[in-house]
Amino acid sequence: MALDGVLTRDFDVESPVDKFFKAFLEISNLPVEDNATAVVTMDDGNLEERKVKIKISSVDISKCYKKLEGIITVTPKNKGGSHVIWTVEYEKTRPEIEDPHSIIDTSIKYFQGIDAILVKERDEKIVKEIWRCPRNFLNLFVDP
């Protein structure tokens with residue numbers, strides 16, 4: 001069994017591309033649990049392409065993964081809304097560790113929650129509403 005791999009899922013959201021991507025960026029910069037750190041890396045070209053890479057680490061994660069990075073790409077759909085591609089690149093610490101399918105599934109549910117709030121609220125106080133969710137996006141990675 002390979003120790004490293006890449007998992008990708010794509011899905012659609014109703015939110016306009018710029019609004020969804022902006023909300024994701026703002027959420028990614030919110031405080032996380034004490035034992036988790038996240039580094040959001042993005043070059044100038046990727047801002048225009050609405051693509052961000054996030055390197056995530058924590059004490060909990062390091063027990064299972066040497067590397068855990070997420071890449072989100074958001075593109076507009078022709079008839080409104082956005083198309084999201086969520087990719088997780090990983091390297092496991094040992095062969096018996098499962099691939100991070102649950103991280104992908106949980107992340108997508110969180111992204112869909114962001115979308116639901118954006119569609120419902122239609123105002124600029126979105127991040128505060130999302131922050132009231134039980135878990136910050138990056139906290140999803142604290143206990144894989």
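Trainee: Which residues touch the most other members of the largest nonpolar core?

Mentor: Good place to start, and keep in mind that this is a predicted model. The core has 31 residues, and S4, S5, strand S1 (4-13), helix H1 (17-28), strand S3 (51-58), helix H3 (59-64) and helix H4 (101-121) each supply at least two of them. In soluble globular proteins, nonpolar side chains tend to be buried together. Here the residues that touch the most other members are Phe 20, Tyr 65, Ile 72, Trp 86, Phe 111 and Ile 114.

Trainee: Phe 11 and Phe 111 form an aromatic pair; what kind is it?

Mentor: Let's look at the rings. Their centres are 6.1 Å apart, with 10° between the planes. Planes under 30 degrees apart count as stacked, so the pair of Phe 11 and Phe 111 is stacked.

Trainee: How many residues apart in sequence are the parts that this pair ties together?

Mentor: Phe 11 belongs to strand S1, whereas Phe 111 belongs to helix H4. Both residues are buried. The pair therefore ties together parts whose separation in sequence is 100 residues.

Trainee: What kind of pair do the rings of Phe 24 and Phe 111 make?

Mentor: Use the angle again. The ring centres of Phe 24 and Phe 111 are 5.7 Å apart, and their planes stand at 70°. Angles over 60 degrees count as edge-to-face, so this pair is edge-to-face.

Trainee: Which residues form one aromatic cluster?

Mentor: You have already met some of its members. Phe 111 pairs with Phe 11 and also with Phe 24. Trp 86 belongs to the cluster too. The full set is Phe 11, Phe 24, Trp 86 and Phe 111.

Trainee: Which residue meets Arg 9 in a salt bridge?

Mentor: The structure holds nine salt bridges, and this one has an N to O distance of 2.3 Å. Arg 9 lies in strand S1 and its partner in helix H4, so the bridge ties together parts 96 residues apart in sequence. That partner is Asp 105.

Trainee: Is Lys 92 buried or exposed?

Mentor: Lys 92 forms a salt bridge with Asp 99, where the closest N and O atoms are 2.9 Å apart. Asp 99 is partly exposed, at 30% relative accessible area. For Lys 92 the value is 0%, and under 20% counts as buried, so Lys 92 is buried.

Trainee: Is Lys 79 buried or exposed?

Mentor: Lys 79 sits in the loop between strand S4 (65-76) and strand S5 (82-92). Its relative accessibility is 86%. Because values over 50% count as exposed, Lys 79 is exposed.

Notes. Residues numbered from 1 in each chain as written. Predicted model: local features only at pLDDT ≥ 70, side-chain atom pairs only at ≥ 80, totals over all residues. Heavy atoms only, no water. Helix = DSSP H or I, 4+ residues; strand = E, 2+ residues; numbered from the N terminus. Buried < 20%, exposed > 50% of the residue type's maximum accessible area, 1.4 Å probe, protein only. Core = buried A, V, L, I, M, F, W, Y, C linked by side-chain atoms within 4.5 Å. Phe/Tyr/Trp six-rings, centres within 6.5 Å; stacked < 30°, edge-to-face > 60°. Salt bridge = Lys/Arg side-chain N within 4 Å of Asp/Glu carboxyl O.
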